[in-house]
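Student: Could you take me through this structure and say how each term is justified?

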Amino acid sequence: MSSDRTLVTVSAGLSVPSSTRLLADRLTEATVEALETAGHTVTVKAIELRGHAHAIVDAMLTGFPTGDLSAALDTLYAADGAIAVTPLFTTTYSGLFKSFVDILDKDALRGLPVLLGATGGTARHSLALDYSLRPLFTYLHADVLPMAVFAATDDWAGAGDQVNPLPARITRAGADLAARIAAREPATPADPFGSTPSFADLLARGGHSA
Amino acid sequence: MQFGIFSVSDVTTDPVTGHTPDDTERVRSMLTIARHADEAGLDVFATGEHHNPPFVASSPTTMLGYLAGVTRNITLSTATTLITTNDPVRLAEEYAMLQVVSGGRMDLMMGRGNTGPVYPWFGKDIRQGIPLAIENYALLRRLWTEDVVDWQGKFRTPLQGFTSTPRPLDGVPPFVWHGSIRSPEIAEQAAYYGDGFLHNNIFWPLSHTKQMVTYYRQRFEHYGHGRADQAIVGLGGQVFVRKNSQDAVAEFRPYFDDAPVYGHGPSMEDFTRETPLTVGSPQQVIDRYGAFVDEVGYYQRQMFLIDHAGLPLKTVLEQIDILADEIVPELRRIVEAKRPADDVPLNPPTHAERVATALRAGSLGAAHVGGTEDRWTGLRAEEGDPRNLEPTAGRPFGL
């Protein structure tokens with residue numbers, strides 16, 4: 001079966017260039033490659049939070065996203081799968097990353113396959129993926145992949161993990177996400193009022209009849 | 001199209017002078033603003049309902065009742081009345097009283113409230129916000145349209161043979177709007193009853209407003225109240241105007257930058273680009289607001305927020321004059337020329353029109369519940385058919 005799928009990456013690195021963005025890009029390549037091998041065509045859209053930083057805080061203060069951020073959110077909401085990568089600061093995801101998650105529509109990621117990634121100084125931080133990022137996306141009812149990829153500084157030098165080096169982890173995680181995306185029907189544009197109950201339903205929920 | 005102003009009643013320090021009005025001063029300024037809007041010829045004044053500082057408008061019917069006595073033409077309304085935390089029995093009584101006192105020169109807008117803590121203050125559960133809005137409003141309508149009500153629901157004690165008094169003026173309840181920003185369930189509710197729908201879009205991009213209004217229009221048609229383009233729609237707005245746009249920008253900027261509702265967030269330039277806030281010359285307001293109808297269809301009421309963020313009373317009164325003299329007449333001409341058909345309502349229905357409609361439909365309720373009427377069926381026993389009553393609409397009380 002061949003169909004168009006959209007893969008959206010969210011990366012929360014603060015510097016340019018950013019190792020977080022680099023990890024996001026590598027995960028994206030692996031996912032696209034696996035999807036294309038399976039006969040799919042893929043559109044990739046990257047959301048780099050650094051460029052939306054001010055708009056994200058504005059949205060927290062005003063309650064609505066503006067300009068490019070609004071378009072970025074629409075892109076994410078219409079995705080077939082997502083890759084979310086953050087640097088780890090002080091034991092957990094970066095504040096910018098969390099702020100972005102906080103302005104998401106609470107139901108928008110429901111069922112969406114999401115591959116998590118994180119970067120940090122040493123491998124000792126790697127469990128942060130599982131004790132902080134994973135619960136966040138579980139709360140949003142995303143379909144969080146069991147495998148997540150952590151890249152420490154040493155990993156980029158090839159010295160970090162002799163048993164399961166970073167490229168191998170990236171390839172495997174990308175393949176897992178690709179399989180999850182391929183197994184789903186392509187995303188259709190969301191109807192914002194599609195789930196609005198009729199007035200009879202609203203009355204019935206309160207135990208009344210129309 | 002009607003043009004009016006609405007107040008959220010915020011007590012905010014004037015960032016230019018450092019003056020903070022006390023509650024008494026703020027309430028009195030709202031009364032002055034409403035009277036001035038009436039004298040200037042605006043169509044509507046509406047007050048919010050809040051139960052927490054920094055807001056002072058906790059008792060809309062007290063304020064509007066006074067205003068009914070001291071104004072002549074302006075329609076008095078709310079923005080919004082809390083249908084979730086107010087007892088619908090109390091609402092039925094208070095707003096029927098206001099309807100009588102004002103000679104029908106009022107309507108009201110329902111909303112669920114803007115702050116979570118207000119629910120427990122009145123013994124309610126915020127998680128039941130939508131069901132409360134549905135049940136309470138259904139009861140409110142029955143209390144206005146049926147003389148004697150037996151009722152049982154989830155959220156208040158049952159009623160046995162209860163009659164809410166005074167009965168609505170001329171037997172026709174006030175016109176009701178439902179205000180919602182994000183909840184399609186409320187648009188659905190407005191459509192179901194054929195009531196008005198007001199989208200207070202002052203913090204929202206037009207694309208979102210258009211989605212909500214379109215949904216309400218489709219459902220209005222679905223429920224058989226008329227075509228989608230005949231549905232009764234209102235929009236919020238906010239403006240700050242001076243003859244020269246540079247003066248408006250310079251004068252309003254400190255108020256924008258410090259305002260609790262939007263200060264310290266997006267720049268005024270970003271905010272004015274993304275939302276209906278327009279800071280500039282009268283012509284800029286006319287151009288901007290004259291184009292909304294192209295997006296959401298012809299609508300019947302445009303409300304402006306102008307008395308917030310610590311703006312001094314004198315400035316607010318000047319804004320009313322500019323609105324009334326330089327903006328509304330031209331804007332009205334432009335917008336009304338875009339009305340798609342003659343059978344699309346020009347304005348929201350007046351009390352007199354609603355009485356006439358009820359007469360035609362033979363659905364007029366009793367305007368009085370005398371001592372001799374049959375309490376068990378609610379039929380009037382005294383002489384005279386209620387359908388022969390002269391509408392008292394527009395007859396100012398006590399003037």
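**Terms and their grounds**

Tutor: This is a predicted model. Chain B and chain A bury about 1,900 Å² between them, with 72% of that area on carbon and sulfur atoms.

Student: Which elements of chain B give two or more residues to the side that touches chain A?

Tutor: They are α5 (129-145), α6 (184-193), α7 (206-222) and α9 (268-274) of chain B. The largest share, 6 residues, comes from α6(B).

Student: How many residues of each class are on that side of chain B?

Tutor: There are 14 nonpolar, 7 polar and 7 charged residues. The contact as a whole takes 28 residues from chain B and 19 residues from chain A.

Student: How many salt bridges and polar contacts are counted between the two chains?

Tutor: The count is 0 salt bridges. For polar contact the count is 3 residue pairs, both residues at pLDDT 80 or more.

Student: How many salt bridges does the structure hold over all chains?

Tutor: It holds 31.

Student: Why is the pairing of A:Asp25 and A:Arg21 called a salt bridge?

Tutor: The N to O distance between their side chains is 2.9 Å. The cut-off is 4 Å between a side-chain nitrogen of Lys or Arg and a carboxyl oxygen of Asp or Glu, so the pair qualifies. Both residues lie in helix α1 of chain A, 4 residues apart, which is about one turn of the helix.

Student: What makes β1 and β2 of chain A a pair of strands?

Tutor: Strand β1 (residues 4-11) and strand β2 (residues 41-48) of chain A are joined by 8 bridges. Pairing requires at least two bridges, so these strands pair. They run parallel, and one of the partnerships puts A:Val10 with A:Ile47 in β2(A).

Student: Which helix does the chain pass through between them, and what is the hand of the crossover?

Tutor: The path from β1(A) to β2(A) goes through helix α1 (residues 19-37) of chain A, and this β-α-β crossover is right-handed. The term applies because, with the strands pointing away from the viewer, the path from the first strand over the helix to the second runs clockwise.

Student: What is the order of strands in the open sheet of chain B?

Tutor: The 9 strands follow the order β3-β2-β1-β13-β10-β9-β8-β5-β4, and the pairing is parallel.

Student: Why are β3 and β4 of chain B called edge strands?

Tutor: Strands β3 (75-78) and β4 (81-82) of chain B each pair on one side only.

Student: How do you know that β4(B) pairs with β5(B)?

Tutor: There are 2 bridges between β4(B) and strand β5 (residues 107-111) of chain B. The requirement is at least two, so the pairing counts. In this pairing B:Thr81 stands opposite B:Met110.

Student: Where are the cis peptide bonds of B:Thr80 and B:Pro166?

Tutor: One joins B:Ala79 and B:Thr80, with omega about 10 degrees. B:Thr80 lies in the loop between β3 and β4 of chain B. Another joins B:Thr165 and B:Pro166, with omega about -5 degrees. B:Pro166 lies in the loop between β7 (159-162) and β8 (175-179) of chain B.

Student: What is phi of A:Thr90?

Tutor: Phi is near 50 degrees, a positive value in a residue other than glycine. A:Thr90 lies in the loop between β3 (81-89) and β4 (92-93) of chain A.

Definitions and conventions. Residues numbered from 1 in each chain as written. Chains lettered and ligands numbered in written order. Predicted model: local features only at pLDDT ≥ 70, side-chain atom pairs only at ≥ 80, totals over all residues. Heavy atoms only, no water. Contact = heavy atoms within 4.5 Å. Buried area = accessible area lost by both parts, 1.4 Å probe. Polar contact = N/O pair within 3.5 Å; in protein donor to acceptor, adjacent residues only side chain to side chain. Nonpolar A, V, L, I, M, F, W, Y, C, P; charged D, E, K, R; others polar.
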